[in-house]
Amino acid sequence: MKGAFITATGTGVGKTWLASALATACVQRGKRVAAIKPIETGVDPDPLDALALARACGNESLAHAEGLYRAREPLAPCAIELRGGPGVGSLRAITKRIRELGKDADYTIVEGVGGVLVPLDRERTIADLAAQLDLQTVLVARNALGVLSYTLTAVEALRRRKVSVRAIVLNHVERGSRDDLSRTSNADVLASYLPRIPILRVPRVQSPNGMVDAATELFNTLKI
Ligand SMILES: Nc1ncnc2c1ncn2[C@@H]1O[C@H](COP(=O)(O)OP(=O)(O)O)[C@@H](O)[C@H]1O
Ligand SMILES: [Mg+2]
């Protein structure tokens, strides 16, 4: 299976937008893409992330495919299970399902959930799914003050689980952060700590379509 796993330093940093833009970039190149959100919570009633991804690759049914984890409460899967809700089950089964859904696609793009160590159950985190999937892992981070520590922490946590980060995307999420001086140096500082990982910057945009150029650059960087 060729493709990318999109994870992040946390929630709300741009995974869905970037994954959608990456799917669009692939479609524009005439590739068949399956963009999947295998684990989604806060589904009330629709899996909004999964739908955005599925629409970007022109196959809305992907969002509603059987065998994916969906839960209503906006919580980590481990917290949902502790409250008596559904458990995520075996990562092997989820991986198998993703492979099936991507079998006719040239590229499979998988969006994680929250940050890199979101607990799926009492033992496993989303990083364990990244390790199982063995796609090219992309780490999205907010290009704002604080991102240096968040990013270095996430990269170390992934490395400990034998997941190497293939690209870091510094995403300009915040409105009105023109005064955030860190934005001018974050990429350079990260590059000196992580010299082997390409670092891409995504500007503030109006919609995921505004990120397609950056996503095309990511596509070329990953050589997926
Ligand atoms: N480059 C950007 N420019 C402007 N707004 C952005 C950008 N990236 C993300 N956003 C905003 O942040 C929100 C969260 O992004 P999303 O991709 O849903 O994050 P995640 O999937 O990591 O939770 C989006 O709904 C959008 O409002
Ligand atoms: Mg998302």
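In this predicted model, Ser-182 sits in the loop that runs between strand E7 (165-171) and helix H7 (186-193). Although a loop is its setting, Ser-182 is buried, its relative accessible area being 9%. Once the neighbours within four places in sequence are set aside, Ser-182 is in contact with Ala-144 and Leu-145.

From this loop the reader may turn to the metal site. The magnesium ion (ligand 2) has as its protein donors Thr-16 through OG1, Asp-49 through OD and Glu-111 through OE, and these lie 2.1 to 2.2 Å from the ion. Along the chain, the donors of the magnesium ion (ligand 2) follow the spacing T-x32-D-x61-E. The pair Thr-16 and Asp-49 links distant parts of the chain, since Thr-16 belongs to helix H1 (residues 15-28) and Asp-49 to helix H2 (residues 48-56), 33 residues apart. In accessibility, Thr-16 counts as buried, at 13% relative accessibility, whereas Asp-49 is partly exposed, with a relative accessible area of 22%; the cut-off for buried is under 20%, and therefore Thr-16 falls within that class, while Asp-49 does not.

Helix H1 also holds Lys-15, and the surroundings of Lys-15 bring the discussion back to Glu-111, a residue that Lys-15 touches and that is one of the donors of the magnesium ion (ligand 2). Lys-15 is buried yet has no salt bridge, and the nearest side chain of opposite charge, that of Glu-111, is 4.3 Å away. A salt bridge would require a side-chain nitrogen of Lys or Arg within 4 Å of a carboxyl oxygen of Asp or Glu, so the distance of 4.3 Å does not qualify. The side chain of Lys-15 does, however, reach the backbone oxygen of Gly-114, at 3.2 Å. Not counting residues up to four places away in sequence, Lys-15 touches Ile-6, Thr-7, Ala-8 and Gly-10 as well as Glu-111, Gly-112, Val-113, Gly-114 and Val-140.

The cysteines complete this walk through the model. A disulfide is a covalent bond between the sulfur atoms of two cysteines, and the structure holds zero disulfides. For Cys-57 the reason can be read from a distance, because the closest cysteine sulfur, in Cys-26, is 9.4 Å from the sulfur of Cys-57 and is too far for a bond, the cut-off for a disulfide being 2.5 Å. Cys-57 is buried, with a relative accessible area of 12%, and Cys-78 also counts as buried, at 13% relative accessibility.

Technical notes. Residues are numbered from 1 along each chain as its sequence is written. Chains are lettered from A and ligands numbered from 1 in the order in which they are written. This is a predicted model: local features need pLDDT of at least 70, side-chain atom pairs count only at pLDDT 80 or more; totals for chains, interfaces and linings use all residues. Side-chain values use heavy atoms; hydrogens and water are left out. Helices (H or I, at least four residues) and strands (E, at least two) are DSSP runs, numbered from the N terminus. Buried means under 20% relative accessible area, exposed over 50%, partly exposed in between (1.4 Å probe, protein chains only). Contact means heavy atoms within 4.5 Å. Donors are N, O and S atoms within 2.8 Å of the metal (3.2 Å for Na, K and Ca); water is not among the atoms, so sites may look incomplete. Lys and Arg count as positive and Asp and Glu as negative; His and the chain ends are not counted. A polar contact is a pair of N or O atoms within 3.5 Å; within protein, one must be able to donate a hydrogen and the other to accept it, and residues adjacent in sequence count only if both atoms are side-chain atoms.
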